[in-house]
Amino acid sequence: MGHSDINEDAPKEKEEELNQQQQQPPGQAGPAVNDEIILATAGYDNSIKFWSAHTGVCTRTHQHPDSQVNCMGVTPDGTMLVAGGYQRIRMYDLTSSNLNFVVNYEGISKNVMAVGCQEDGKWMYSCGEDNCARIWDLKMRNLSCQRAFQTNAPVNAACLHPNQQELIVGDQSGVVHRWNLKNDQSEQWIPDPGHSAIQSIDIDPKGQYMA
């Protein structure tokens with residue numbers, strides 16, 4: 001077979017593979033971590049959808065009953081999806097064909113606005129409109145939060161510092177709280193006094209700058 005023959009066959013094989021992927025029914029059950037790149041979306045339709053980034057096809061749908069989804073995160077090992085909604089945080093197993101949540105964290109009175117995990121997957125943090133940021137132990141599978149940080153306004157955003165020992169929390173009154181998880185002390189900043197709520201927080205990987 002000559003060089004030109006290989007070039008002619010390759011596109012056909014690729015086209016057949018794409019057609020097979022597009023023929024798969026949307027929302028089918030199966031592990032969500034098979035593809036190299038996964039896009040997950042969620043909102044007010046009480047479901048979480050996974051999409052193939054290469055084909056744009058919906059490959060899996062999780063049900064999230066009784067609440068919209070406000071925020072999502074993935075555990076560091078890529079095996080679990082964390083979804084925050086109204087009065088609850090749920091975890092979904094991405095390695096199995098189970099489309100229902102496998103863990104349900106409750107005891108929250110209002111909307112959960114942000115979730116995230118410690119780099120080794122030992123614990124998870126959350127914050128929400130009940131004026132509180134929380135720490136949850138993932139290894140113990142204890143469904144009650146282990147630690148809580150109270151603010152004077154609804155919390156819209158939270159970000160874990162790269163040192164894994166400080167949680168940066170932003171609230172509706174425009175205050176940024178730096179909660180030291182090691183000694184349980186905190187300090188406050190007000191970037192724009194009296195003008196705007198903190199809606200989002202991020203920190204660069206070296207921990208030198210915050211936006």
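Guide: A salt bridge is a side-chain nitrogen of Lys or Arg within 4 Å of a carboxyl oxygen of Asp or Glu. Keep in mind that this model is predicted.

Visitor: How far apart are N and O in the salt bridge of glutamate 166 and arginine 178?
Guide: Side chains of opposite charge can pair when their charged atoms come close. The cut-off for a salt bridge is 4 Å from nitrogen to oxygen. Glutamate 166 and arginine 178 do meet in a salt bridge, with an N to O distance of 2.8 Å.

Visitor: Which strands hold glutamate 166 and arginine 178?
Guide: The two residues are 12 apart in sequence, so their pairing ties together separate parts of the chain. Arginine 178 is in strand β14, while glutamate 166 is in strand β13. So, in the order you asked, the strands are β13 and β14.

Visitor: Is glutamate 166 buried or exposed?
Guide: To count as buried, a residue needs a relative accessible area under 20%. Glutamate 166 has 10% relative accessibility, so it goes down as buried.

Visitor: Which residues make up the salt-bridge network that includes Arg178?
Guide: Arginine 178 has another salt bridge, with glutamate 187, where the closest N and O atoms are 4.0 Å apart. Arginine 178 is partly exposed at 25% relative accessible area, and glutamate 187 is partly exposed too, at 39%. Salt bridges with shared partners make one network out of Glu166, Arg178 and Glu187.

Visitor: How many residues apart are arginine 147 and aspartate 184?
Guide: These two form a salt bridge, their closest N and O atoms lying 3.4 Å apart. Arginine 147 sits in strand β11, and aspartate 184 sits in the loop between β14 and β15. This pair links distant parts of the chain, and the separation is 37 residues.

Visitor: Are arginine 147 and aspartate 184 buried, partly exposed or exposed?
Guide: Partly exposed is the range between under 20% (buried) and over 50% (exposed). Arginine 147 comes in at 29% relative accessibility, and aspartate 184 at 47%. Both values land in that middle range, so each residue counts as partly exposed.

Visitor: How many salt bridges does the model have?
Guide: You've just met some of them, including the pair of arginine 147 and aspartate 184. The count for the model comes to 7.

Visitor: How many disulfides are there?
Guide: A disulfide needs two cysteine sulfur atoms within 2.5 Å. Take cysteine 71, which is in no disulfide: the nearest cysteine sulfur, from cysteine 127, is 7.4 Å away. The disulfide count is 0.

Visitor: What are the relative accessible areas of cysteine 71 and cysteine 117?
Guide: Cysteine 71 counts as buried, and so does cysteine 117. Their values are 10% for cysteine 71 and, for cysteine 117, 19%.

Visitor: Which element gives the largest share of the lining of the largest cavity?
Guide: The model has 1 cavity of 30 Å³ or more, and the largest cavity has a volume of about 30 Å³. Among the residues lining it are Ser126, Cys127 and Gly128. Two elements, β9 and β10, give two or more residues to that lining. The largest share, 3 residues, comes from β9.

Visitor: How much space lies in the second largest pocket?
Guide: This pocket is lined by 11 residues, with Thr75, Asp77, Gly121, Leu138 and Lys139 lying nearest its centre. By class, the lining has 4 nonpolar, 3 polar and 4 charged residues. The space is about 170 Å³.

Visitor: How many residues of strand β3 are buried?
Guide: Strand β3 pairs with β2 through 5 bridges, and the two run antiparallel. Histidine 62 in β3 is the bridge partner of isoleucine 48. Strand β3 has 6 residues and is largely enclosed by the rest of the structure, because the number buried is 5.

Visitor: Which residue in the hairpin of β4 and β5 takes a positive phi?
Guide: Strands β4 and β5 pair in the antiparallel sense over 5 bridges, and one of the partnerships is valine 69 with glycine 85. The hairpin has 5 residues between its strands. The residue with a positive phi, near 75 degrees, is glycine 78.

Note on methods: Residues are numbered from 1 along each chain as its sequence is written. This is a predicted model: local features need pLDDT of at least 70, side-chain atom pairs count only at pLDDT 80 or more; totals for chains, interfaces and linings use all residues. Side-chain values use heavy atoms; hydrogens and water are left out. Buried means under 20% relative accessible area, exposed over 50%, partly exposed in between (1.4 Å probe, protein chains only). On a 1 Å grid over the protein atoms alone, a cavity is a set of points where a 1.4 Å probe fits but cannot get out, and a pocket is an open set with protein on both sides within 12 Å along at least five of seven lines; lining residues have an atom within 4 Å of a point. Grid points are joined across faces, edges and corners, and a volume is the space filled by probe spheres set on the points. Helices (H or I, at least four residues) and strands (E, at least two) are DSSP runs, numbered from the N terminus. Two strands pair if DSSP finds at least two bridges between them. Ala, Val, Leu, Ile, Met, Phe, Trp, Tyr, Cys and Pro count as nonpolar, Asp, Glu, Lys and Arg as charged, and the others, Gly among them, as polar.
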